[in-house]
Amino acid sequence: MKFWILIYSFLFIVFADGLKAQNIYKCRIVDGITGEPLVGAVMRMSADKRISAVSDINGYVSIIPKRELIKDGIDITYIGYKKQHSLLGNGNIYKLSPSETTINDVVVTATESHGITSSSKIAKYAMEHLQPSSFADILELLPGGMAKDPALNAPNVISLREVPISSSDYSTSSLGTSFVIDGAPISTNANMQFMNGAWDTQTTSRDFTNSGVDMRAISTDDIQNVEIVRGIPSVEYGDLTSGLVKINRRKGGNDISARFKADMDSKLFYLSKSFTWIPSRMSLNLSADYLNSKSDPRNILETYSRITISARLNKEWISGTRKLTASLNMDYGGSFDDDKVDPELNYGGVDKYASKYNRYSLNASVDYINLNKKSIFKSASALMSVAYEKDLLDRTRLVQLNRETPAATTTTDGEHDAVLIYPYTYTANQKVDGQPFSLYAKVNTSLAFPLNGASNELKLGADWQLDKNYGDGQIFNQLNPLYPGLSVRPRKYSAVPASHILSEYAEENFGLYIGKNKLDVQAGVRLSTMLNLSDKYALHNKYYIDPRINLEWTFPSIDFLGKTLTIQIAGGYGEHTKMPTMDYIYPEPVYMNLIELNYYHPNRDYRRIYLQTYVKDPTNYNIRAARNNKWELRGDFNLAGNRLSVTYFREDMNSGFRSTAIYNSYSFKNYDASGIDANTITSPPDVATLPYTMQNELHSYTTTTNGSRTYKKGIEYTFSTIRFPIINTRLTINGAWFKTEYSNSQSIVEMPSKLIGGESFQYAGIYKNDDGYIREMVNTNFTFDSDIPKLKLIFSISAQCVWMTASQNKEKENVPTQYMDKYGVIHDFTEEDKNDNYLKYLVRSYNSSLYDRQTVPFCMNVNFKATKKLLDDKLTIALFVNKLLDYNPDYVRNNYTIRRHVTPYFGLEMNVKI
């Protein structure tokens, strides 16, 4: 806070004195229907067009007229709105009316925001034309996005500005993308729904723990508009690294709406009723939807379904110069996966998987706006959101053992007899009961200080996020485990402490005219800390400071080829922090079972397995928050409504979360049972009478560290024309070049799996580099959308071109810098060690072709979408065909011909509005 006060004071001193003597008029320009501020509206003196000004991100405009010109008034112009002539008055609010063409025009693509940072705005009609089944489909509209066949049989997590790879070690990008619905973020910090010990793809492919929000669960039918911030967001939003998704749902109306959609894999039903009581300034929106999907329509045993129910109440009070708005939202969301194997194909055994996510949420908010223009205090708001989930994973399968296997039962250090699993064939079940609870509270206020010739808004606020899991956790029969041979134990999630994140922020939005140029500044700082942590943690009492700044310079409008050209350049830098989740901070204990005696006898009563158990705490008390540094530069050019926006960005996050192997030396007894006469014993062997030798071995467990680096850079671009006359068609071109590098940012320990002289290899190498991946992609989408008002028909044709995709593995460090022996002692690795009979195996060797850059050449898919209104706009029929036409030529790699082919994907929907 002291930092911001100093900055604000500096700006005030620098600019206030030089501006106080000038004759400055400060006004605001807004949409006459919605009241939203219009960014980039031009105000000119009617008698002298050279005296002009452009509105800032909040719609404010400051103009310095000559006194003798004031009586002639002003002209206000904004693309898509009627030109307005008015008298100039200090503090006036000018409401522009959309032009007839704008009222009737529809935008079926994402539009680049006019705000100070790079973001995409997607309106209701664009989503209706796209015909999505879940929020994941909307990402097609972003620069770099492509149409994809819905994949609803597995979680859909988001990736922004990157070419993603499938690895949980690099999932911080999706975890660090914040979804905010009606002002309340969706928290996944308490999500611990993973099946411990699972190795089968039926289970692991559906695990999205520590990967963020599953977009399948977000219905799009209630959404009024979406803003996806790819650049540097306001400091008002935190606990994120990669981006921000702001979803605003529909409010008001007085109709009944229904939607039915069917495509090749799924069916969707939606029904809503809205009420508006105009005299009372109150509205109520009720809605429900149901989605059912099969990844293969021929397989009815693998399904995904979703149910959402929503009730949203809004009330508004206006009294004099005060406006108060209150909202209350109640929502239910259910997300269900089912997967079974036909018993006839599984030797009569049971093999099924089911997951159930039930989320109940309540969101209440109050917004106060002060309409008094002279007051410094402008607005205040408070929001509280509560969410509770009842989640269940249920896995059942037939287990068949071929040898004696000890059950994982003990929970303490020491030696003990193993309990053997019997019978060898049984049906096992394991459940994961999770009950995440989250509470979010936020207060915010904005102030505006009178500065001659400048607009400003100071935003102050704080928020608090509480997460707790009240579930029973991992539940299974230890004597008949689902995954035998693994050292896992039941664990109650309710015993895990709660997570608390507290944040405060301050931000100044400042606009200043410098000659005929306009400078807009958004600068702020956010402080975040985790509460309720033991002083063992490095995060204890640790505050993270996120400074963020965005700058935008608007040049004076010029005439170019007889048309008005507006040029803006912008840039920003920001630091972003994502705190570790509960699963990262409070991992479950690790149990290591070392076999000291494994005696087999034909008589089951005489068999004995004797174990040494070590219980290790895998908690990384030095874990830190993930930090991402972003900067970007953007140019925006608008020529009579034809707009080009180009953004260059870089992001560097070198403290992402990953699983890291921790090696230690463990001692145990190796009993010698060779002297036992199997024909004479009458009971299991007594270890007290057996000779033994002490042995040491290296074993590992995993812990979570900040050892992943994700480095992104690229160019995003969007070009949109006005509608061409006669054919009434708009061309939109968007695309991106993305290059993403993934690598470990900390040393890696690795032990080769080798047997030497009948014994396992007992040295572990410490390597500087272990994994590294480079992914690159260049694409462009050409979209022609035509509006035929007389036929009430809109159709679009999109040619989605991928010019190139490339992948490459970074070279690994073949020679270790150090190594660990079986006693846990670390030594430097020398040149002589390369020739040692044992240590030479620590020198890794890889085929050089592993590091070759692999490219995939050009391909193109052509998609078609159409929307037709009937019966006085009460009925809308829409269809889409993705990959209607395609060009996917064969190509040669390593003397092999690789053939590519695609299958069209289509669907049809009907919307009824009464």
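Ile307 counts as partly exposed, at 30% relative accessibility. On this scale, buried is under 20% relative accessible area, exposed is over 50%, and partly exposed is in between (1.4 Å probe, protein chains only). Before you dive in: this is a predicted model, where local features need pLDDT of at least 70 and side-chain atom pairs count only at pLDDT 80 or more, while totals for chains, interfaces and linings use all residues. Residues are numbered from 1 along each chain as its sequence is written, and side-chain values use heavy atoms, with hydrogens and water left out.

**Exercise 1. Find the strand that holds Ile307, then the nonpolar surface patch that Ile307 helps to make.**

Step 1: Go to residues 302–319, which form strand E17, and you'll find Ile307 there. Strands (E, at least two residues) and helices (H or I, at least four) are DSSP runs, numbered from the N terminus.

Step 2: Now pick out Phe260, Phe269, Tyr290, Ile309 and Met910, which join Ile307 in a patch of about 490 Å². Patch members have over 30% relative accessible area and no salt bridge; nonpolar side chains (Val, Leu, Ile, Met, Phe, Trp, Tyr) are joined within 5 Å, like charges within 9 Å. The areas come from the Shrake-Rupley method with a 1.4 Å probe, and for residues only the protein chains shown count as cover.

**Exercise 2. Which residues touch the most other members of the largest nonpolar core?**

Step 1: Know what to look for: a nonpolar core is a set of buried Ala, Val, Leu, Ile, Met, Phe, Trp, Tyr and Cys residues joined through side-chain atoms within 4.5 Å.

Step 2: The largest one has 36 residues, and the answer is Met530 and Leu533. Among the elements that supply at least two residues each are strand E19 (351–370), strand E34 (642–671) and helix H6 (582–585).

Step 3: Zoom in on Leu533. Skip its neighbours within four places in sequence, and you're left with contacts to Leu539, His540, Ile585 and Tyr586. Contact means heavy atoms within 4.5 Å.

**Exercise 3. How many disulfides does the structure hold, and how far is the sulfur of Cys801 from the closest cysteine sulfur?**

Step 1: The count is zero. A disulfide here is a pair of cysteine sulfur atoms within 2.5 Å.

Step 2: For Cys801, the closest cysteine sulfur is in Cys859, 8.4 Å away, so that pair is too far apart for a bond. Cys801 is buried, by the way, at 4% relative accessibility.

**Exercise 4. Is Gly511 buried or exposed, and which residues does Gly511 touch?**

Step 1: Head for strand E26 (residues 499–514), home of Gly511. At 1% relative accessibility, Gly511 is buried.

Step 2: Leave out residues up to four places away in sequence; Gly511 then touches Gly453, Ala454, Ser455, Lys518, Leu519 and Asp520.

Step 3: Two of these contacts pair up with each other: Lys518 and Asp520 meet in a salt bridge (3.5 Å, N to O). The term means a side-chain nitrogen of Lys or Arg within 4 Å of a carboxyl oxygen of Asp or Glu. Lys518 is buried, at 3% relative accessibility, and Asp520 is buried too, at 3%.

**Exercise 5. Compare that pair with the salt bridge between Arg899 and Asp890.**

Step 1: In this bridge, the closest N and O atoms are 2.7 Å apart.

Step 2: Check the cover: Arg899 is exposed, with a relative accessible area of 63%, whereas Asp890 is partly exposed at 38%.
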